[in-house]
Amino acid sequence: MPRRTPAPAATLSLLVLALAACGPPQVTSGLAEEDDLTGTLRVWLFDEADRGPKEEVVNRAVAEFEAQYEDVEVDVSYLQVDARSERFTGAFNDPASAPDVAEFGNTDLAAYVEANGFADLTEALATWPEAQDLLPSVLDTATVDGRVYGLPWYTGARALYYRTDVFDELGLAPPRTLTELRDTARRIRAARPELYGIAVGGNYHYALMPFLWAAGGGLAEQRDGTWRATVDSPESRAGVDLFSSLLAPDICPPEQCAMLTGTQSVQVFASGAAAMTIGGDFNRAAVDAGEAAGRYAVVPLPGTEPGTIAPAFAGGNLLGVLGSSRRSTLAREFVQLLGGKEYQREMYAAMGNLPTFADLQRDLADEDPAVRPFVETLRAGTRFVPPTPAWARIDAQAVLPTMVQRVATGESVDSATADAADAMNVAFGS
């Protein structure tokens, strides 16, 4: 392939998963004044339990990029997710040690932007042809105060897994509403007491959020530039009440379920011990490796009315250009390549990561019925956590899990949500 002349930075693409939030870095990053078009482009990507398939796709992209730029070498390092806070804090404080391009979780974005860690890609996005096919709700996860700081590299959504053999045995149909979900879970537990009606946990706030949103509630809202918690609104309380009612002896006993995380909830279902769970497209491999393999199906998590889909949390990871990069043009070009449609499609084939482009998602839903419920969920509209560094503190303090666990163990919804709102407002500084 002939060498390509780098385009001006203003005409390049934008860039930047569900990852647990961490404390915001207390740093100030300087912006680079240089923009070299040769040399080594440093890239940080997250490691995987099985890195091989991901690395093969990345290596193909690297080879293509290096063929286009004969005086450029791409150096890719793989970071452990659990060590990301320390590594990024160090990079933001010491530009000499920082990469030019990095993968990071979308829930970490607001804290990294506050630290001036990543470049603003809003203008680049406006002139990148492929960007017009990015799902708006997914692009929101890369946006802070109306500015885009990354390219959603992949996204994820959760839907309702259910045991087809149990439903057939009991003459049940997939629930059409969240209330029907609770009632169906209760019927299953009564008929098959060795099973949980649904496996969900008090530490599974990504399963809680759709209940709040479907009921018309939310986590927080911005008023005059200040965030205020809304988990104590009447609508949010209705959602909390309904979700917490699943953690009951006649569905999923709180002594076993109150502390379950999302991963543990899926593991319970995969082991054959539950008739339903709320899981992501990224959980399919784990379920297929368990006792439930071949005996389950997936439908979108229903809303409060028949025919509606509960808004799901938009998980996923982003690709971003470091604000301190001395090769910002090359960095944006590489993000455009690795995060573009061709390699997002290849990453789905290799890792099962759902693309962030609407047209690719439509194609995958047509080709693979198993992915269709998740694509339908994404099309119906997703939501995200408040894009503020305070969310990292709220997450680290387990405010939402504590709220659910208190309700599940007998405390009133009003009291638990009021205390949660107070804790959130302290974090917001409001």
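1. A residue is called buried here when its relative accessible area is under 20%. Keep that cut-off in mind for helix α15, where the buried set is Ala358, Asp359, Leu360, Gln361, Leu364 and Ala365. One thing to say up front: this is a predicted model. As for what lies over those residues of α15, the cover includes β6, α14 and α16 (372-380).

2. Next, α14, which spans residues 341-351. Its buried residues are Lys341, Tyr343, Gln344, Met347 and Tyr348. Why do they sit on the same side of α14? Because the arc they cover around the axis is only 170°. A reminder on helix geometry: an α-helix has 3.6 residues a turn, so residues three or four places apart point the same way.

3. What do the buried residues of α14 pack against? The partners are α1 (52-68), β6 (151-156), α12 (284-288), α13 (328-338) and α15 (358-367). So far as β6 goes, it also turns up in the cover of the buried residues of α15.

4. Now the α14 and α15 pair itself. Their axes are 11 Å apart and the packing angle is about 35°. The crossing of α14 past α15 is right-handed. On the α14 side, the contact is made by Lys341, Gln344, Arg345 and Tyr348; on the α15 side, by Asp359, Leu360, Asp363, Leu364 and Glu367. By type, the residues of this contact divide into five charged, three nonpolar and one polar. Among them, Lys341, Gln344 and Tyr348 are also in the buried set of α14, and Asp359, Leu360 and Leu364 are in that of α15.

5. Have a look at the link between these two helices. Gly352, just after α14, has a positive phi of about 80°. Asn353 lies in the loop between α14 and α15. Is Asn353 buried or exposed? Asn353 counts as buried because its relative accessibility is 17%, and the cut-off for buried is under 20%. Setting aside residues up to four places away in sequence, Asn353 touches Tyr154, Met347 and Tyr348. Met347 and Tyr348 are both among the buried residues of α14.

6. Glu130 is worth checking alongside Lys341. Glu130 belongs to the loop between α4 (122-126) and α5 (136-139), and at 27% relative accessibility it counts as partly exposed. Glu130 and Lys341 are 211 residues apart along the chain, yet their C-alpha atoms are separated by 7.5 Å. Which residues is Glu130 in contact with, leaving aside neighbours within four places in sequence? They are Gly340, Lys341 and Phe357.

7. Elsewhere in the chain, there is one disulfide by the distance rule. It joins Cys252 and Cys257, with the sulfur atoms 1.9 Å apart. The angle about the S-S bond is -80°, making the link of Cys252 and Cys257 left-handed. Both cysteines, Cys252 and Cys257, are buried.

8. Two residues other than glycine deserve a look for their backbone angles. Asp145 has a positive phi of about 50°; it is in the loop between β4 (143-144) and β5 (147-148). Asp145 is exposed, at a relative accessible area of 66%. Ala398 has a positive phi too, near 55°, and is found in the loop between α17 (390-396) and α18 (399-408). With a relative accessible area of 26%, Ala398 is partly exposed.

9. For a look inside helix α7 (residues 178-191), try Ile188. Its relative accessible area is 0%, so Ile188 is buried. Leaving aside neighbours within four places in sequence, Ile188 is in contact with Val166, Phe167, Leu170, Leu172, Gly197, Ala275 and Met276. How many Å lie between the C-alpha atoms of Ile188 and Leu360? They are 37 Å apart in space, and 172 residues apart in sequence.

10. Last, Asp168 in helix α6 (residues 164-170). Asp168 has a relative accessible area of 63%, so it is exposed. From Asp168 to Asp47 the C-alpha atoms are 41 Å apart, with their positions 121 residues apart in sequence.

Conventions. Residues numbered from 1 in each chain as written. Predicted model: local features only at pLDDT ≥ 70, side-chain atom pairs only at ≥ 80, totals over all residues. Heavy atoms only, no water. Buried < 20%, exposed > 50% of the residue type's maximum accessible area, 1.4 Å probe, protein only. Helix = DSSP H or I, 4+ residues; strand = E, 2+ residues; numbered from the N terminus. Arc of directions from axis to C-beta. Contact = heavy atoms within 4.5 Å. Disulfide = S-S within 2.5 Å. Axes fitted to C-alpha atoms, helices over the stretch in contact; angles between N-to-C directions. Left-handed = near helix turned anticlockwise from the far one by under 90°. Nonpolar A, V, L, I, M, F, W, Y, C, P; charged D, E, K, R; others polar.
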